[in-house]
Every structure is written in structure tokens, then in C-alpha cells.
Amino acid sequence: MSVDRDEAVRRVHLAAMFEHAPAHFSVEPERFGLVTFNREFARLVRESYRVDPRQGMTPDELLPPEVAARWRELLTRALGQGSFRADYVMASGGQEMLLTVSRLESDGRTLGISVLAVDVTESRRAMRALDQSQARLAAIVESTQDWVWSVEPETHRLLSFNGAFAACFKATAGVEVREGMVPEELVPADQAASWHELFARAERDGVAVSECPAASEQRTLLVTLNRLESQGQVFGVSAVGKDITERKRAERALAESEARLRTLQERLQEDNIALRQQITVHHGPTTVLGRSPAIAKVIEQAKTVAPADSAVLITGETGTGKELLARAIHEMSPRAGRQMVTVNCAALPAGLIESELFGREKGAYTGAWTRQAGRFEAADGSTLFLDEVAELPLEVQAKLLRVLQDGRFERLGSTQSVSVNVRVIAATNHDLIRRVEDGRFRADLFYRLRVFPIEMPPLRVRPEDVPLLVWDAVCSFSQKLGKTIDTIPAETMQRLQQHSWPGNVRELRNLVERSVILSSGRTLSVAFEPEDVSSRRPVTLADAERLHVLATLERTGWRIGGRDGAAARLGLQRSTLNSLMKRLGISRPRS
């Protein structure tokens with residue numbers, strides 16, 4: 001019973017497989033009458049020929065006459081040949097079928113014929129599309145002027161190549177290219193090694209790009225290689241070589257032209273500095289100009305402190321641009337949306353400073369007919385710039401200290417406190433430490449203001465910034481006066497750089513404005529007044545030292561070492577001179 005049950009189960013499984021297989025049927029060997037068929041076969045016959053198949057039906061009963069004749073030929077062929085495969089196109093719908101026809105026999109006796117029909121319509125279409133794509137790709141590869149070839153892994157033997165690849169080697173090296181050749185058979189040994197290395201890199205990394213000599217040393221290729229792989233297995237490297245000889249020649253010609261142009265510009269610079277051709281004005285924040293290490297340090301300090309609300313104390317000589325730096329800090333700060341309020345402490349009478357800063361109530365003093373808000377209230381939520389803060393009277397300094405500490409003050413003539421949120425930036429050209437020692441400035445206020453000190457360098461210690469400032473002033477005053485100035489003689493610019501500028505940037509701009517007024521053509525004519533020339537004498541020992549080092553460097557063409565170098569002329573070691581230049585803020589001008 002167990003054997004019978006197993007046999008029954010096996011038959012059920014076979015029947016299920018038969019029903020879900022592609023179209024399948026079998027016929028007896030004489031009349032070709034149907035013996036068995038599955039559901040898919042019945043569906044195809046029903047949809048194509050409007051016939052419901054039954055056991056025993058012959059081809060003539062199932063199919064139209066011409067179709068039945070074709071099937072009889074196939075079945076008859078199976079009786080004689082045994083088994084074969086054939087393509088068949090359904091008359092209705094154009095479906096492409098792959099037929100597997102097999103003769104069924106036992107003990108030398110033919111029992112029937114089995115036919116399995118698989119629908120291969122989509123796969124055949126895909127294969128035809130693939131063949132067409134490959135044909136088009138082959139045509140493109142063959143017609144291109146680029147080299148196209150592929151090699152097998154490790155040995156790097158040629159697998160395929162196009163006509164351009166073969167033609168180049170034949171024309172330049174007399175080599176008939178054929179499949180299986182290795183790089184040593186195509187190029188000299190030293191080049192072959194580089195080819196092997198390039199292929200190996202593509203195998204390892206997946207992609208490689210390199211410039212290589214072609215078969216002829218006169219040409220250059222840009223080679224792009226890609227690893228060929230499938231399911232993790234590398235089966236070669238494809239390569240495309242584009243001839244970039246002309247491009248390389250053009251690049252060399254361009255480089256030579258640029259070198260010649262630079263030479264011409266250098267010659268021109270000896271006699272003339274042309275506007276925007278010889279000098280590029282490098283702007284810092286807002287109107288702070290300069291490219292020297294000294295001014296670069298100041299700009300970096302301003303950028304650092306701007307986002308904070310900390311008090312800033314700007315020191316420096318008159319005319320160095322302390323107010324411009326204060327405006328730059330304000331414009332880079334979160335308070336930039338409101339206008340900065342400026343107070344020149346030196347320009348206000350001592351009796352009015354307190355009311356100007358903190359405001360007054362009506363009747364606070366004789367002549368105070370109305371109530372007036374002070375500068376601190378006007379600067380609420382913004383920045384208050386106190387220029388020449390050293391000039392504040394001591395009694396006002398005490399009130400200013402309280403505002404800085406807790407943000408509160410009283411208007412003159414009032415007992416009510418006013419709260420404000422003000423950031424204070426102060427500036428002075430005085431030595432505040434000396435004033436503290438002399439009792440003319442409160443020490444506690446000094447330290448409250450000096451949370452973040454910045455010293456504006458005088459113009460005499462940054463002569464490399466003079467051309468930038470001169471051109472900026474020339475552009476400004478030329479536009480204002482309706483003139484066109486686009487040339488400054490090199491000798492004039494050199495004299496401007498050598499000037500000590502006791503009045504700093506303010507003096508420079510005044511001199512340029514006067515010179516623009518006096519210039520009649522497109523060339524700036526600078527007339528140095530006697531007081532300008534006499535002020536070239538250095539103010540301090542450090543200034544004199546800096547000017548002497550600069551003059552020596554100029555005379556030696558900025559050559560530091562060697563027998564005739566600046567170090568030897570100054571009686572210093574080369575390392576000592578480098579340290580001295582760093583300390584004095586001296587750097588070689590950009591060419």
C-alpha cells in the first residue's frame with residue numbers, strides 16, 4: 001500500500017507540473033491525434049483558432065488547412081529524425097514560439113510524439129535590439145578617430161581593437177596589429193612597462209586616466225581605462241585613447257604667450273603703473289584697504305571681535321583710519337541693521353559732553369528749554385563710537401563706566417534710570433596708560449574699554465599698502481572731479497611709498513586730491529610740498545630701522561643671502577635678517 005500511495009503522490013506532482021508548464025501536448029504516431037495536452041496549449045489553440053481541443057482530435061480538426069499541413073510536416077519529421085528544435089510563429093498575434101519536438105519510443109517501438117512550445121517573443125525582441133545596439137556601437141567604435149581597444153587581465157593581451165588603433169601602429173611603427181599581442185610587441189620596452197602599470201591600476205581601482213605617448217613620440221594620448229567585470233569577476237580592461245596632441249601644443253603656446261605677456265608687463269611697469277592693470281586693490285571689510293601683514297592682522301582682529309558685544313579700544317596715530325575700522329566692526333556685527341552713532345569727544349565743549357552722551361530733562365540747566373535724548377539712547381540696540389575718548393572729563397568718565405558695567409544711566413536733571421543695550425567702541429591717538437599714570441584717565445574705565453584692543457598701524461610701517469590706497473583715492477577723486485586718471489609713473493609711486501606720512505592715510509588722501517586737481521592729463525602729477533618732503537625723516541628708532549632695512553632690500557633686489565645680499569650689507573646673518581623682517585612686518589612685494 002505504501003508503494004501505491006507514493007506512486008499516486010508522484011503522479012499528482014507530475015500532473016501539476018504538466019499543467020503549469022509552457023504549452024505542451026502529445027499525439028499518437030499514425031493519425032497524429034491528441035493524446036495529452038495541458039491548460040496553456042488549450043488556451044493558445046482557443047485564442048488563436050477558436051477551437052476547444054479534445055483528446056483524439058487531429059491537426060485537421062484543430063487548425064486551418066495551411067497551418068495543419070505545416071504541423072503534419074513537423075510531426076512527420078519527428079518520426080524520422082527523432083528530436084529537434086524549430087521556430088514557429090503563431091498565425092494570430094505573431095507570437096514567436098520555440099518548439100521542442102521529441103519522438104516517444106520504448107523497446108524500439110514509437111509510442112507517439114511530444115511537443116513543448118515556449119513563447120520566446122520578448123526574449124527574441126530583446127536579443128534583436130541587443131544585436132542592433134552592438135552593431136551600432138561597433139560601427140561607432142570603428143568610425144571614431146580615437147583609439148579603442150581592450151585587453152585581458154594580468155597578461156594584458158589584446159582582446160579587441162578598432163581601425164584607428166591598428167592604423168596608427170601600422171603607419172608609425174610598421175606593426176600589423178592582431179589579437180593576442182602584448183604591449184612589448186607594440187611599443188618599446190620602457191613604454192611597455194608604463195602600459196602594464198596603467199592596465200594594472202585600472203584592474204585594481206576600476207578606472208584610470210593618464211597622458212601617454214602614442215606609437216610615435218610626436219603625439220600624446222589621453223587614455224581612459226575601465227575595468228570590465230561581471231558578478232565580481234574581472235575579465236579585462238577597456239581603453240579609449242584620445243589624441244590630445246594639438247591641445248597640448250595649444251596649451252604650450254598659451255603658456256609661452258602668457259610668459260611673453262608677463263615680460264612685457266614687467267617692462268611696462270618699469271615706466272608706468274596702469275590703473276587696474278598693474279595694481280589690484282584688495283579690500284578688507286568695508287573701506288579698510290591693505291594687503292600688508294600689519295593691516296591683515298588688524299582686519300583679522302576685526303573679524304574676530306565683530307560678532308561679540310565686547311568693548312573694543314582702537315589706538316593709533318591720527319589719520320590711520322580708526323573710525324573706518326570701527327564702522328567695519330559694526331557692519332560685520334549682528335547690530336549692522338541699525339546705524340552706528342558717532343561722538344567726537346574732543347569736539348564737544350566740556351560742559352555739554354554729559355548732556356550729549358546721556359541726554360537732559362527740560363530745565364536741567366539754563367537754556368535747556370526742551371527734553372533731549374542723548375547719544376546712548378540713540379544708539380540703543382546699535383553701536384556707539386567714542387572717538388578721542390581720552391578727552392572725556394573725569395566726572396563723565398565715572399558715568400560712562402557705570403553704563404559699561406550695568407547698561408544704566410540718568411539723564412541730566414533726572415533721578416530716573418534709563419536702561420540701554422549699547423556696544424561701545426572707543427578710539428584714541430593718546431597713550432592712555434600714560435594718562436592713567438598722570439591721573440587724567442580712570443584706570444577702571446581704561447580696563448573696561450580695553451576688553452579687546454586693536455592698534456591701527458601707521459602708514460610708514462606698511463609701504464606696500466600705499467599703491468592700493470593711492471589708486472583708491474585716485475578713483476574716488478577722479479570720479480568726484482570729473483577727470484580720468486589711469487596712469488601713475490613708477491618714479492612717482494616709488495616716492496609715495498618712501499614718504500613717511502606723518503598724517504597717515506588722511507595726509508595721503510589730501511595729497512592725492514590736490515594732485516588730481518592739478519593734473520591736466522590722464523597721468524597723475526604729484527607735487528610734493530616742502531613740508532611733505534621734510535617729513536620723510538623717521539619718527540622713531542624702529543621706523544628708522546625699518547626704512548633702512550627696506551632700502552637695503554630694494555637696492556639688492558630683495559636678495560637676502562649671498563655675498564652681495566641684504567644680510568651681508570647689513571652685517572647680519574641670513575636667519576637674523578629673516579627674524580628682523582618678521583618683527584618689523586616687512587615682506588617681499590608681490591610681483
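User: When I look at S355, is the residue buried or exposed?

Analyst: Burial is read from relative accessible area (buried is under 20%, exposed over 50%, and partly exposed in between, with a 1.4 Å probe and protein chains only). S355 is buried, at a relative accessible area of 2%, and the residue sits in helix α11, which covers residues 353–358. The model is a predicted one, in which local features need pLDDT of at least 70 and side-chain atom pairs count only at pLDDT 80 or more, whereas totals for chains, interfaces and linings use all residues. Residues are numbered from 1 along each chain as its sequence is written, and side-chain values use heavy atoms, with hydrogens and water left out.

User: Which distance ties S355 to G374?

Analyst: Here one sets separation along the chain beside separation in space. S355 and G374 lie 19 residues apart in sequence, while their C-alpha atoms are 6.4 Å apart.

User: What do the totals for the protein chain look like, and how many helices and strands are there?

Analyst: The chain holds 22 helices and 19 strands, taken as DSSP runs numbered from the N terminus (H or I of at least four residues for helices, E of at least two for strands). Of its 591 residues, 41% count as buried. Its exposed surface is about 32,800 Å², with carbon and sulfur atoms supplying 51%; such areas come from the Shrake-Rupley method with a 1.4 Å probe, and for residues only the protein chains shown count as cover. Among contacts (heavy atoms within 4.5 Å) with a separation of 6 or more, 56% join residues 24 or more positions apart.

User: How should I read the packing of α16 against α17, and what angle do they make?

Analyst: One fits axes as lines to C-alpha atoms, for helices over the stretch in contact, and takes angles from 0 to 180 degrees between N-to-C directions. Helix α16 (residues 466–481) and helix α17 (residues 490–498) pack at about 115°, and their axes are 9 Å apart. The angle therefore makes α16 roughly perpendicular to α17, on a scale where under 35 degrees is roughly parallel, over 145 roughly antiparallel, 65 to 115 roughly perpendicular and the rest oblique. Their crossing is right-handed, a term that applies if the near helix is turned clockwise from the far one by less than a right angle, with anticlockwise giving left-handed. From α16, V466, P467, V470 and W471 take part in the contact, and from α17, M493, L496 and Q497. These residues comprise six nonpolar, one polar and no charged, where Ala, Val, Leu, Ile, Met, Phe, Trp, Tyr, Cys and Pro are nonpolar, Asp, Glu, Lys and Arg are charged, and the others, Gly among them, are polar.

User: Helix α16 also meets α18, so what angle applies there?

Analyst: Helices α16 and α18 pack at about 45°, with axes 9 Å apart, and that makes α16 oblique to α18. The crossing of α16 past α18 is again right-handed. The contributors include V466, L469 and V470 of α16 as well as V505, L508 and R509 of α18. By class this contact has twelve nonpolar, two polar and four charged residues.

User: Which residues of helix α10 are buried?

Analyst: An α-helix has 3.6 residues a turn, so residues three or four places apart point the same way. In α10 (residues 322–331), the buried residues are K322, L325, A326, A328, I329 and H330. They pack against α9 (293–305) and the strands β12 (312–315), β14 (383–387), β17 (423–428) and β18 (452–455).

User: Where does R462 lie, and which residues does R462 contact?

Analyst: R462 is in the loop between β18 and α16, and R462 is buried, with a relative accessible area of 2%. Setting aside neighbours within four places in sequence, R462 contacts L289, S292, I295, T320, P457, L469, V505 and R546. R408, in strand β15 (residues 408–410), is instead partly exposed at 32% relative accessibility.

User: What is notable about phi in F32 and N504?

Analyst: Each is a residue other than glycine with a positive phi, near 60° for F32 and near 60° for N504. F32 lies in the loop between β1 (23–27) and β2 (34–37) and counts as buried at 6% relative accessibility. N504 belongs to helix α18 (residues 504–518) and is buried at 0%.
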